[in-house]
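Please look through the sequence and the coordinates before reading on. The paragraphs below are meant to be read with the model open beside them.

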Amino acid sequence: MTIAPPVVRTAPPSASSAGGSGSVSWMAWPALLSFTLFGLVPLVGVLVLSFTSWSGQTEEIPFTGLDSWRSVLTDPGLPHALWVTFLIMAVSWLVQTPISILLGVFLAAQHRYRAVLAVLYFIPLLLSQAAISITYKALLDPNFGLGAGLGLEFLQQDWLGNGTLALGVVVFVVSWQFIPFHSLIYQGGVRQIPASMYEAAQIDGAGKIRQFFSITLPQLKYTIITSSTLMVVGSLTFFDLIWVLTAGGPGDATRALAVDMYQRGFRSNLMGPASAIAVILVLCGLALALGLRRLGGRDQADSQMEGA
Amino acid sequence: MKRRNFLTLTAGTAAGAALAACGSSGPSDPGKAGAGEASYWFLSGPPGEKPRTGAVERFNAANPNGKVKITTFQNDAYKDKLKTAMGAGQGPSIIWGWGGGGLKQYVDAGQVEDLTDFFAQNAAVKDRLFPASFGPATIDGKIYAMPSETVQPIILLYNKEVFEKTGLKPPTSWNEIMALVPQLNAKGVAPFSLGGQSRWTNMMWLELLFDRIGGTEVFNTIYEGKDPKAWSNPAAIDALTKTQDLVKANGFVKGFSSITADSNADQALLYRGKAAMMLHGSWSYGIIQAEGGNFIKDGKLGYMNFPAVEGGKGNPDDTYGNAGQFLSISSKATAEQKDIAKNFFKSLFDETEQKDWIGTGGVPIVKDAESKLSASPDADFLKFIYDVSSKAKNFGQSWDQALSPTAAEALLSNIAKLFTLDVTPQQFADNMNAVIGK
C-alpha cells in the first residue's frame, strides 16, 4: 500500500523545513516531555535513593553507598519474589494468549451477534482492578462466599488461604480482566489479513483449521509479539490486584516484586532497599521488552503481508 | 507505532518504580492551616470520628482566635499520607498516632515536640489520665505525646449461644482451650474466628501467650534490643509452639489466612455462630453492636480476659492492646500553633467528650470516667473493660506499634508464615533475632 503524493504542489519546500521529519518532529515533544518528567526524572530519583538508607520520614537523606543493594541482594526474599513474579507472568501469558487469539479470530468475523458479544467481553476491562479484586475476594470467601452460599462443595476451597490456589486465583483474575483487551488487539490483527489469502487457500482445498494454522497464526506474528510484550511487561507491575486479593499472602506465596517493594518502602520504612527493587523491576521490564522486540524486530524490512 | 508502544511500556514500568520514590509534596495541601490555626489530622469513620470532631468544635467555639482545623483520612490512607507529609516537612501541627515505635521514629528525626515540661506545668492534665497510658507516649524518659481517647485491651470474646447448644463450658486455661478444640470441631463449629490476612490479628495470640507463659520480661527484653537472641528465649519458643499446636489442631476457622479484619468477616463468624470464640480488641463490641443485630441485646456475647497457661510465669491479670491514642505536636509548627495545640490538649475529656466515647462502647482513659459508666446501656461491658485495664499490672502495647516499623513488618510477615506453618518456631525466632534493634 502506498499513499499518493499531493497532486498539486503550490510552492517548493523551503530549505528550513526540508524533509518530512523536520516538520513533524515537534509532534514528539509533548510525549517526550511528559515521559521525561514522569518517567525519567523519577527513575533517576529512584536510582539515587537506592544508594541511601532513607526512612521516608526525615528531611535529610543519608547516603550509605551499596548498603541497600547488599541487603536486597542477600535477602532470600528477593529470589522468591522474582520467582513469584516470573510464575505469574509465565502462567498468565500461557492462559491469556491462546484464549485471546481464539476469541480475537472469532470476533473478527463480521456478524452482528459477534459484535454484541464483543461489547460484552469488553466489560471486565472497564472495571478498576481494585473493584475486581474486592469482588473476587468476597465471592471466594470460604465462609460467606459463593461456595458457601450456593452449597457447592468444589467451590468451598480455601482459595486465598492456600499458596498454590492463591497464585492460581491471581492468574485467573488477571486473565479475566485482560483477555478482552488482548482479544481486541487480535481482532484488529486478524482483520488486517487480506481476504485474498484465504480465498487462495480455499481454492487449494485447505480447511478452516489448516487455514488457521497456515495463514492466521503466521500472519499474526507481530500482533502476538505486541500483545505478549504488553502482557509480560504489564505483569511486572501487578500490585493493586495482588495487594487487595491476598496482600502477598498466605505467608509470602503471592509476594511478587511490586508487592515486596511496597512492603519494604511503605510498611518497613526502608526506602533504600525498596528503591533498589524498583530499579531491578525497571531493568527486568526493559530487558523483557527489548528481548521480545528482538524476536520480531530483526527483519523489520520484511513485509508483514508476505504473499499478499 | 512500535517505538511508541515501547516508550509507553517503559514509561509504565518507570511509573511503577516511581511508587517507591514518591516522597515529594503534591499540590497545595488540603490540611494546611492558615495563620492563627493549628491543623489536626485524624482517622475518619465510626466509632471515633464523632467524638473527635465534637471535641474540636467545642474548642473552636470557645477559642475563636486560635482554632484547630481538621482533616480526616481513612486508616491506611492516613498512615501513608502522614508518612510522606512528615518526610517532606508538610505535616499537620497536631499529629494523631499510636505512640511507641512509630512515635520514636519521629522523635529520632526531631519532628515532634518534647511535652515533658508541659505536663510538669499542667499536673492536673496528667494526673487525670490512666498512668499506663503514658507508656507508649514516653521515649527515653521523656513524654512526646498527649494520651487521649479510649483504652482498648485485647479480650477473649465468645458466643454464649454456641456454648449452651453444645453443652460445653468456656475455657479457663490453655489446656481447656486445647480440650475444647476437638469437641467444638466435632459439633461443626469452628473453635476460634480469626482474620488472619490482616496479620496483626494473629499477633494478638502471640502477645498474650508470650505474656502468660514467660511474663512481661520476655517481650521487654526484645523491645530493649540489647540481647541479640531475645526471641530464642525458651518461653518464646514454647509460646510459638503452642500457637502452631492450635493451628494444627484446626483451632482456627477454615480459611482464616484469607480473612481480613477490615471486612469484619471475623466478627460475623462469631455472632453468626459459625465460630465459638475470638481473641480481639475491645472495639469488637462496637462493631458487633453495629452489625450483629440483636446479638448483644439478647445477651449472647460473653467476654473474659485471656486465661492462664498452666505452669506459666505470667500474671493472668496482665493485658495487651491500645492504652489510648496519642497526640503529638509537630516541631515544624509555629509558636502560635504550638500554643493552640497545647490549649486544645487541656480542653480534652470534657463531660460531653467522655459521654461520646462511652456511647461508642469505649472507656475514656480518664480516672473520673468510672462513675459515668454505670449510666450507659453497655454498663456491664464497660465496667469489665475498666476493670481489665485498671487491674492489669502490665498493659502491654501492641507489638507492631511498640517496635520500629522495620522490625514490625518483619514480625508481621513472619507471623503470617508461622500461622500457615511455613516456618518452625525455631526459624521464626532466628528470623526475628536478625532484626532486633533495627
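What follows goes from the chains as wholes to the details of one of them, and ends where the chains meet.

The model is a predicted one, and its two chains can be introduced by their secondary structure. Chain A contains 14 helices and 0 strands, so that its pattern, read along the sequence, is α-α-α-α-α-α-α-α-α-α-α-α-α-α. Chain B, by contrast, combines 20 helices with 14 strands. The radius of gyration of chain B is 23 Å, close to the 22 Å that the globule rule gives for 438 residues, and chain B is therefore as compact as a globular protein of that length. The C-alpha trace of chain B spans about 70 × 65 × 45 Å along its principal axes.

Burial and contact range can be given for each chain in turn. In chain A, which has 308 residues, 35% are buried, while for chain B, with its 438 residues, the buried portion is 51%. If one takes the contacts in chain A between residues at least 6 apart in sequence, 68% of them join residues at least 24 apart; for chain B, with contacts chosen by that separation of at least 6, the value is 77%.

Chain B is divided into two domains, of which domain 1 comprises 36-149 + 324-348 and domain 2 comprises 153-321 + 398-433. The centres of domain 1 and domain 2 of chain B, taken over C-alpha atoms, are separated by 31 Å. Where these domains of chain B touch, domain 1 contributes 9 residues and domain 2 contributes 7 residues. On the side of domain 1 of chain B that touches domain 2, the residues are 3 nonpolar, 5 polar and 1 charged.

We turn next to a sheet in chain B. Five strands form an open sheet in the order 2-1-3-12-6, with mixed pairing. Strand 2 (67-73) and strand 6 (146-148) of chain B each have a single partner strand and stand at the edges, which means that one side of each is left without a neighbour in the sheet. On average, and with direction ignored, neighbouring strands of this sheet are turned by 25° against each other.

How is strand 3 of chain B, residues 94-97, covered on its faces? Ile94(B) and Trp96(B) on one side, and Ile95(B) and Gly97(B) on the other, are all buried, so that both faces of this strand are covered. Strand 1 (residues 37-43) of chain B runs parallel to strand 3 and is joined to it by 2 bridges, and in this part of the sheet Tyr40(B) stands opposite Ile94(B). The pairing of strand 3 with strand 12 of chain B is antiparallel and has 4 bridges, with Gly97(B) standing opposite Phe326(B) in strand 12. Strand 12 of chain B, which covers residues 325-329, also pairs with strand 6 in the antiparallel sense, over 3 bridges, and here Gln325(B) in strand 12 is the bridge partner of Ser148(B).

Two helices of chain B show how packing can be followed residue by residue. Leu206(B) lies in helix 9 (residues 200-214) of chain B. Is Leu206(B) buried or exposed? Leu206(B) is buried, because 22 other C-beta atoms lie within 10 Å, where 20 or more are required. Not counting residues up to four places away in sequence, Leu206(B) touches Ala239(B), Thr243(B) and Ile415(B); of these, Ala239(B) is 33 residues from Leu206(B) in sequence but 6.9 Å from it in space, C-alpha to C-alpha.

In helix 15 (residues 351-359) of chain B, the residues Glu353(B), Gln354(B), Asp356(B), Trp357(B) and Ile358(B) are buried. The buried residues of helix 15 of chain B pack against helix 2 (49-62), strand 7 (150-159), strand 13 (363-364), helix 16 (370-373) and helix 17 (379-391) of chain B. Just after helix 15 of chain B, Gly361(B) adopts a positive phi of about 85°.

The last step is the contact between the chains, to which chain A gives 51 residues and chain B gives 44 residues. On the side of chain A that touches chain B, at least two residues each come from helix 2 (29-49), helix 11 (221-236), helix 13 (257-267) and helix 14 (271-297) of chain A. Helix 14 of chain A supplies the largest share of that side, 10 residues. By class, the residues of the side of chain A that touches chain B are 26 nonpolar, 19 polar and 6 charged.

How values were computed
Residues numbered from 1 in each chain as written. Chains lettered and ligands numbered in written order. Predicted model: local features only at pLDDT ≥ 70, side-chain atom pairs only at ≥ 80, totals over all residues. Pairing = 2+ DSSP bridges. Axes fitted to C-alpha atoms, helices over the stretch in contact; angles between N-to-C directions. Domains from an automatic or database assignment. Contact = placed C-beta atoms within 7 Å. Nonpolar A, V, L, I, M, F, W, Y, C, P; charged D, E, K, R; others polar. Buried ≥ 20, exposed ≤ 12 C-beta atoms within 10 Å, placed from the backbone. Rg over C-alpha atoms; globule rule 2.2 N^0.38 Å.
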